[in-house]
Amino acid sequence: MSLNSKFQKTKSLVLQYYWIAFVPVLIYFILNSFYKDEEIDKNKSYAFALVLDSKPILNKASKRRYDYQFFYKGEKYNGSSVASLSDNVALGNFYKVEFSDKNPDYNRIIFEEEYIAQTQKNDDGITDTIYILKSQLFKQRISNKIKNIKAPLDSVED
């Protein structure tokens, strides 16, 4: 048997059974996904993540992959997640991210509510960042505007 015929035979065999090589890889990714979710649920902590990038998934117009980053104990961590365009996720927005405090590389972002980052100084003069629900911040602003309008009206009634 010549070298060329051995190569052709091997090539034919590989082409016939190539899918078998993907089965262990697929099983690994499925088990890793379950382990990651279990690890997050068991050792859950929260932080706020900034959405950095967005890319379409294949040719599906309704789904996008979002890359984000967050900080935990002074270290920067990255993650990515898939969301629908109807979720109105925009670059530069903050969302809550849940992660395993034992391994923050295991994380997932929650796109349900958007947060606004605000800095404020405490009594010691230390600047800190706080995150407020965007919807709650708008309610506070409207309430403050109503109070500002109502105060002059009350003085007119007297």
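# Briefing: charged pairs and nonpolar core of a predicted model

Glutamate 39 is found in helix α2. The structure is a predicted model, with an average pLDDT of 84 for the protein and a score of at least 70 for 93% of the residues. The points below treat glutamate 39, the salt bridges, the nonpolar core and the confidence of individual elements.

**Glutamate 39, a buried charge**

- Although glutamate 39 is buried, it has no salt bridge.
- The nearest side chain of opposite charge belongs to lysine 42 and is 5.0 Å away; a salt bridge requires a side-chain nitrogen and a carboxyl oxygen within 4 Å, so this pair does not qualify.
- Apart from neighbours within four places in sequence, the contacts of glutamate 39 are Ser100, Lys102 and Tyr106.

**Salt bridges**

- The model contains 10 salt bridges.
- One of them joins arginine 108 to aspartate 41, with 2.5 Å between the closest N and O atoms. This pair links distant parts of the chain, since arginine 108 belongs to strand β5 (residues 107-121) and aspartate 41 to helix α2 (residues 19-42), 67 residues apart.
- Both partners of that bridge are partly exposed: arginine 108 has a relative accessible area of 21%, and aspartate 41 has a relative accessibility of 46%.
- Another salt bridge is formed by the side chains of lysine 44 and glutamate 98, at 3.7 Å from N to O. Because lysine 44 lies in strand β1 (residues 44-57) and glutamate 98 in strand β4 (residues 94-100), the pair ties together parts that are 54 residues apart in sequence.
- Within this pair, lysine 44 is partly exposed at 36% relative accessibility, whereas glutamate 98 is buried at 9%.
- Arginine 65 and aspartate 67 also meet through their side chains in a salt bridge, at 3.0 Å from N to O. Arginine 65 is partly exposed, with 34% relative accessibility, while aspartate 67 is buried, with 16%.
- Asp37, Asp41, Lys44, Glu98 and Arg108 are joined into one network by salt bridges that share partners.

**Nonpolar core**

- The largest nonpolar core has 15 residues, of which Val51, Phe70, Val89, Val97, Ile109 and Phe111 touch the most other members.
- Strands β1, β2 (60-72), β3 (75-84), β4 and β5 each supply at least two residues of this core. The most are given by β2, with four residues.
- Leaving aside neighbours within four places in sequence, phenylalanine 70 is in contact with Ala47, Phe48, Ala49, Glu75, Lys76, Tyr77, Val97, Phe99, Pro104 and Asn107. Among these contacts is Val97, which is itself named with Phe70 among the core residues that touch the most other members.

**Confidence and helix α3**

- Among the elements of the protein, β4 has the highest mean pLDDT, 95, and helix α3 (residues 134-157) the lowest, 70.
- Where pLDDT is low, predicted coordinates should not be read in detail.
- Glutamine 136 is placed in helix α3 and is partly exposed at 40% relative accessibility.
- A separation of 19 Å lies between the C-alpha atoms of glutamine 136 and glycine 92, which are 44 residues apart along the chain.

Notes: Residues numbered from 1 in each chain as written. Predicted model: local features only at pLDDT ≥ 70, side-chain atom pairs only at ≥ 80, totals over all residues. Heavy atoms only, no water. Buried < 20%, exposed > 50% of the residue type's maximum accessible area, 1.4 Å probe, protein only. Core = buried A, V, L, I, M, F, W, Y, C linked by side-chain atoms within 4.5 Å. Contact = heavy atoms within 4.5 Å. pLDDT = per-residue confidence, 0-100. Lys, Arg positive; Asp, Glu negative; His and termini not counted.
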